[in-house]
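Work through the exercises below with the sequence and the 3D structure at hand. Try each task before reading its solution.

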Amino acid sequence: MLEEVRRKAHLVVIGGDLVEKGVPEARVRENVRRLQAVAPVYFVWGNNDDEVDYDLQSLLEEERVHMLKNKAKVWEHGGVPVALIGVGDVSRKEADIDRALEHVPPQSFRILACHNPAIVARLREEQHISLVLSGHTHGGQIRFFSIGFYEKGGLKWQGSTAVLTSNGYGTTGVPLRLGAPAETHLITIVPGKPTLEKKCLSKTGKTM
């Protein structure tokens with residue numbers, strides 16, 4: 001899968017819960033290095049990222065991962081300013097969108113990354129967020145037909161904002177998924193069109 005996206009992705013976004021209790025440091029470092037070989041890596045914190053007994057922040061700094069906690073990274077693409085805005089985890093009351101937007105140009109295309117999709121309830125029209133990237137729910141992780149603890153991941157619209165909630169890539173509690181397959185996403189944003197092309201990639205790299 002990484003080989004498939006290596007020459008297509010301009011950046012990689014890790015949406016939090018990179019680790020949880022019991023995940024070894026060496027595995028995290030190896031995974032981050034593999035992602036760095038694809039494109040620059042950006043990270044927002046999830047509710048499980050402080051469960052390990054090593055310093056995750058120092059590890060990410062050593063591996064040159066850009067951590068976005070209530071701040072933004074702005075660059076130009078085709079003459080248009082693009083802002084990737086990262087906020088802290090909602091469940092830990094660490095999310096501050098206004099603080100993250102302080103240095104974002106008003107005319108920029110704004111992408112908000114937050115681990116928890118509950119951040120959508122805090123959006124205001126004047127913030128002009130075009131796309132929200134979130135996860136957290138694992139799509140319910142174990143679903144029987146259409147029934148699960150959480151809604152299955154997918155792409156929805158809230159007014160003029162596209163909201164992508166991913167099923168995510170791992171598991172929690174038990175190492176099992178049913179009816180909510182692990183996924184990562186290759187997103188193509190097309191200027192001037194009110195649509196967003198999204199490919200879901202399985203663990204094998206197969207488009208779903």
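**Exercise 1: a loop residue**

Asn-48 lies in the loop between strand E2 (41–43) and helix H3 (56–62). The model is predicted. Task: decide whether Asn-48 counts as buried or exposed, and find which residues Asn-48 touches, not counting those up to four places away in sequence.

Solution.
Step 1. Take the relative accessibility of Asn-48, which is 13%.
Step 2. Compare with the cut-off: buried means under 20% relative accessible area. Asn-48 therefore counts as buried.
Step 3. List the contacts. With residues up to four places away in sequence left out, Asn-48 touches Asp-17, Val-19 and Glu-20.

**Exercise 2: the order of a sheet**

Task: state in what order the 6 strands of the open sheet are arranged, and explain why one side of strand E4 and of strand E8 is left without a neighbour in the sheet.

Solution.
Step 1. Read across the sheet: the order is E4-E5-E6-E7-E9-E8, and the pairing is mixed.
Step 2. Look at the edges. Strand E4 (71–77) and strand E8 (154–158) stand there with a single partner strand each, so one side of each has no neighbour in the sheet.
Step 3. Add the twist, which averages 20 degrees from one strand to the next.

**Exercise 3: two pairs of strands**

Task: for E6 with E7, find how many bridges join the strands and how they run, parallel or antiparallel. Do likewise for E8 with E9.

Solution.
Step 1. Strand E6 (residues 109–113) and strand E7 (residues 131–134) run parallel and are joined by 3 bridges. Ile-111 has Leu-131 in E7 as its bridge partner.
Step 2. E8 and E9 run antiparallel, with 5 bridges between them. Here Lys-156 stands opposite Val-163 in E9.
Step 3. Inspect the hairpin of E8 and E9. There are 2 residues between the strands, and Gly-159 takes a positive phi near 65 degrees.

**Exercise 4: a pocket**

Task: describe the second largest pocket by its volume, and say which element gives the largest share of its lining.

Solution.
Step 1. The second largest pocket holds about 240 Å³ of space.
Step 2. Its lining has 15 residues; Pro-117, Glu-151, Lys-156, Val-163 and Thr-165 lie nearest the centre.
Step 3. E8 and strand E9 (161–165) are the elements that give two or more residues to this lining. The largest share, 4 residues, comes from E8.
Step 4. Sorted by class, the lining has 7 nonpolar, 5 polar and 3 charged residues.

Definitions and conventions: Residues numbered from 1 in each chain as written. Predicted model: local features only at pLDDT ≥ 70, side-chain atom pairs only at ≥ 80, totals over all residues. Heavy atoms only, no water. Pairing = 2+ DSSP bridges. Axes fitted to C-alpha atoms, helices over the stretch in contact; angles between N-to-C directions. 1 Å grid on protein atoms, 1.4 Å probe; cavity = no way out; pocket = protein on both sides within 12 Å on 5 of 7 lines; lining within 4 Å. Points joined across faces, edges and corners; volume = space filled by probe spheres on them. Nonpolar A, V, L, I, M, F, W, Y, C, P; charged D, E, K, R; others polar. Buried < 20%, exposed > 50% of the residue type's maximum accessible area, 1.4 Å probe, protein only. Contact = heavy atoms within 4.5 Å.
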